[in-house]
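Me: Please go through this structure with me in questions and answers. I am new to it.

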Amino acid sequence: MLPAIFTPALLKNLELFKMHSRRAFLGSKQGGHISLKRGHGLEFADYRRYELGDNPRHIDWGVYARSDKLIVKTFQEEQDLSVLILIDPSNSMRPQDHPQKWERAIATALALAYIALMQQDRVSISIPGIKDTPFLTGMRAIHSLAQALSELQPNQPADLTLSMRSAISRVRFPGLAIFISDLLMPIEQVREITELLRAKNLDITTIQILGQSDITPFAQVSDAVAEDSETGEQLEFSWDGDSQTQYAFLLNQHAQQIRSLLLSRGIGFASQLTTQPFDEFMLRSLPATGLLR
Amino acid sequence: MMGELGFLAPALFVVAPLGLGVLVWVYRRKAQGKALVVPTLFLLRELKRSSQARRQFKPPPRFFFELFCILLLTLALAGMYQRRPAMRIAALIDNSISMGKVVGDGAGETDLARAIGLARSFIQSASSDSQIEIFVTSPTLRSVTDGLSSRDEGIRKLDTIKLAFAADSLESALSKLALQASYEQVVAFTDRPKKAKEPAGPRVQIESIRADANIDSLSNIALTDIRYLERDGKTEIAVSASSYATRMGAAKVTLFEVQQNPWALRKVAEKEITLPSRGSQEILFNDLSPQVLLYSAKIEPLRNGNSVLGNALATDDRAWIEIGAKEHRVALVGPLSPEALGLNQINFVTFEHLKPEEFAGEETKAANRYSAYLFHRYKAQGHLDKPTLSILPPQLANENGQMQPLSSWDATHPALRYLALATLQMPKADVLAIPDWGSAFLSLSSGPIAWSGSKNSSNYITLGFEVLPYEGKKSPLLSILLLNSLKYVLGTAAVGGHVSAGDLNLSAELQFFNQDGSAAISRREDISPGIYQGAETVTAVNYFETTESDLVGARPVVAAERTESMEVGARPRLLAPALCMFVMLLLLIDMIIAVLGRKRAVTASGGPK
């Protein structure tokens with residue numbers, strides 16, 4: 001059962017989109033994406049000499065008439081696409097009393113899976129260290145995925161990079177990789193994770209989700225003790241007007257650094273706030289990144 | 001007048017910084033609340049690094065209110081008091097024998113030590129420029145500081161005070177000090193209870209260290225008399241034992257013979273007795289060896305079932321006696337016989353009755369037979385060259401007084417030893433004419449009623465009031481006066497084979513025999529019961545004083561009447577109760593404001609009205 005946020009209108013609109021890879025990949029079966037495999041497709045790929053065994057229907061008779069040579073047209077075969085959706089399992093994805101970020105991450109993953117499954121793509125949703133669904137196809141799989149994710153909660157892995165490595169190791173066919181995270185981690189760690197994904201020759205898109213508690217950790221101006229949801233470490237400091245301004249600056253600076261890093265490596269990047277309407281993000285913001293068309 | 005402030009326990013000021021620390025900690029915790037879980041700290045850590053210097057504690061106004069309350073409570077805890085302005089203070093320490101008792105949980109501390117401690121605290125609480133003079137009551141009123149001294153000197157001198165084997169004579173000492181205008185305040189430290197209602201006026205202050213909470217702890221047993229009797233050529237010793245307890249109990253009285261060269265005690269006999277509550281019993285030891293001249297008796301409580309008589313005062317448990325002490329023969333000249341006047345009860349003197357008409361012809365003949373004369377309502381013709389005690393000589397009387405209070409007396413006169421004369425009213429006293437070699441020691445406002453003098457090595461006392469018949473305990477004041485007067489004219493303190501401590505005339509060659517065979521004495525105040533050895537003589541010294549031994553029924557101190565009004569400072573005012581009350585008032589107001597504020601908030605929000 002899909003979450004309530006998936007209204008019939010939203011589903012109808014999602015069906016209009018399809019996943020778009022910036023690169024062609026070999027698929028496992030016929031699908032809706034141009035593949036590296038030459039074969040029976042609609043997209044013209046190249047000319048080549050006729051060889052025994054070629055389908056005579058692909059002979060370009062006009063070239064033969066002009067040059068008396070048997071030339072056949074080759075087409076790019078359209079195959080399915082492997083879509084691996086990775087959700088950051090860190091505790092920061094679900095701070096105490098603030099489930100919106102985690103819920104938004106699950107919803108985003110399911111929405112992307114829905115779009116992919118609509119095109120007969122193979123989809124796997126992975127929460128490293130917690131749950132790895134197999135690559136599924138067919139519209140019915142969306143319910144299996146929704147069921148699998150419905151009861152899951154973040155559980156801080158001892159080593160996020162290691163868990164990511166384990167999750168990625170299941171990928172046999174290169175394809176799309178979508179990493180959903182708040183990206184509230186050091187730049188080095190973001191770089192490390194993206195390197196892992198690139199090593200698998202995946203077309204990567206990173207979706208950052210930030211909650212209100214990420215923008216304003218403390219509601220009141222006072223001295224405060226903050227406890228890290230991931231490590232349990234506590235930190236005392238004074239939360240006042242100056243701190244808030246400076247925190248906003250640091251947060252923005254961090255986002256800029258990540259964006260620069262990702263874009264410089266050809267990695268798609270989209271960011272959403274939990275306060276932003278979900279359908280607006282899915283139908284407007286995300287297509288703008290080129291992931292959906 | 002605002003006196004300087006002081007603190008009884010300034011070390012407790014350490015509570016203030018502790019309290020401040022706790023308060024700040026509580027406020028910081030309160031401001032922080034419980035730790036707030038944030039997604040990640042790595043941005044906040046950056047933030048802290050850049051804003052470390054700015055972090056500071058900004059307490060709300062309520063913090064200062066609570067800090068103020070803590071400071072007030074700290075002041076109260078430190079025993080804040082208001083010192084009196086500089087004063088001249090006479091501190092009178094009761095060092096009588098009863099102050100040697102050890103009661104309660106004082107861990108062996110005597111009442112004298114406790115009284116000195118109390119006096120030390122009192123003097124320390126006086127302003128630093130106050131002048132202090134410290135007195136002891138016993139054996140006579142004596143200044144320890146030799147005049148007014150500084151506060152610190154007074155405190156130092158407190159340590160020199162020792163227990164004296166004498167009664168306290170507290171009333172007379174207080175009266176005498178109260179009459180001196182040089183002291184703005186007289187404070188007595190004693191074990192005697194205060195009178196329930198003190199007379200108005202703060203000039204004389206009684207600080208009683210008596211603990212009535214456990215009256216049984218004040219129970220005491222004592223030997224109250226020892227005397228020897230000769231019957232059929234054999235020596236017998238009679239010992240009187242008294243109990244000052246609220247219940248009866250058993251005791252053991254042991255008689256020792258005192259051996260000389262070397263000194264030693266050897267047990268001769270012991271008897272077990274049962275002493276009634278607040279009663280006495282006489283124990284007779286007979287068939288004693290005529291060769292032994294010195295004896296000692298000792299009383300100690302015995303276990304009687306589960307109960308043991310209390311014995312708070314150990315110093316009155318022993319008695320000493322010298323057999324064969326010199327006997328005094330006194331001629332009683334007057335119309336009544338010694339038996340009629342009760343004089344036969346006085347066992348250290350043998351009275352022989354001479355009627356006035358018999359005496360007229362016997363004057364010269366009798367001169368060598370008697371140690372002294374006692375003229376009762378009779379005046380001899382001319383001057384007798386013999387020690388003489390005259391009681392109510394009619395010829396000398398020139399004026400009659402009735403029930404008048406004494407206006408003055410010489411407290412140091414031996415005839416007035418142990419007497420509390422402050423409240424004494426003399427019944428029908430005649431004012432006396434005094435020869436030029438005599439001096440008055442008791443006077444009414446109308447004139448002298450008792451005088452004494454010495455002439456040709458003989459002592460003379462004349463009393464202008466009746467002290468006979470001798471009634472012993474029934475009329476203790478007059479009885480003591482009579483005995484003192486007799487001893488004075490006889491020139492001896494020996495009574496029935498022993499001398500009272502304080503009456504012993506110390507000389508350089510006299511040494512105190514203690515059971516460990518040592519302890520030379522040097523001061524009159526140090527005389528304690530025991531055997532004193534001179535060059536050729538030994539003297540047994542005892543101290544029997546029921547008023548000192550009776551700790552349960554101790555008489556309350558009656559402060560002398562004030563004859564003049566004088567503005568004096570009150571005792572140091574402890575401010576702790578006032579500070580605590582003030583803090584409680586503040587907290588009450590705070591609570592009311594908080595409750596009203598909450599009610600208003602509920603009403604404003606549409607809650608129940």
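Me: How many residues does each chain give to the contact between chain A and chain B?
Reply: The model is a predicted one, in which local features need pLDDT of at least 70, side-chain atom pairs count only at pLDDT 80 or more, and totals for chains, interfaces and linings use all residues. Residues are numbered from 1 along each chain as its sequence is written, chains are lettered from A and ligands numbered from 1 in the order in which they are written, and side-chain values use heavy atoms, with hydrogens and water left out. Contact means heavy atoms within 4.5 Å. On that rule chain A gives 35 residues and chain B gives 21 residues.

Me: What area is buried between chain A and chain B?
Reply: Buried area is the accessible area (1.4 Å probe) that two parts lose on being put together, summed over both. Carbon and sulfur atoms give 63% of the area buried here, and the total is about 2700 Å².

Me: Which elements give two or more residues to the side of chain A that touches chain B?
Reply: Helices (H or I, at least four residues) and strands (E, at least two) are DSSP runs, numbered from the N terminus. The elements in chain A are α7 (212-215), β9 (222-228), β10 (234-239) and α8 (241-264).

Me: How many salt bridges does the rule find across the interface of chain A and chain B?
Reply: A salt bridge is a side-chain nitrogen of Lys or Arg within 4 Å of a carboxyl oxygen of Asp or Glu. Over all chains the count comes to 23. Across the interface of chain A and chain B, the number is zero.

Me: Which residue forms a salt bridge with Arg62(B)?
Reply: The pair links distant parts of the chain, 528 residues apart: Arg62(B) lies in helix α3 (residues 61-77) of chain B, and its partner in helix α10 (residues 576-604) of chain B. The closest N and O atoms are 2.8 Å apart, and the partner is Asp590(B).

Me: What is the order of the three strands in the open sheet of chain B?
Reply: Two strands pair if DSSP finds at least two bridges between them. Strand β11 (residues 234-244) of chain B is joined to β14(B) by seven bridges, and the two run antiparallel. The edge strands, each pairing on one side only, are β10 (220-231) and β14 (280-288) of chain B. The order is therefore β10-β11-β14.

Me: Which residue in β14(B) stands opposite Ser240(B)?
Reply: Strands of a sheet pair through backbone hydrogen bonds, either parallel or antiparallel. In β14(B), the residue opposite Ser240(B) is Glu282(B).

Me: Which are the edge strands of the six-strand open sheet in chain A?
Reply: The sheet has mixed pairing and the order β6-β5-β4-β7-β8-β11. Strand β5 (residues 122-127) of chain A pairs with β6(A) in the antiparallel sense over two bridges, and Ile127(A) stands opposite Lys131(A) in β6(A). The edge strands, each pairing on one side only, are β6 (131-132) and β11 (268-273) of chain A.

Me: Where is Pro469(B)?
Reply: The peptide bond from Leu468(B) to Pro469(B) is cis, with omega near 5°. Pro469(B) is in the loop between β26 (458-463) and α8 (476-490) of chain B.
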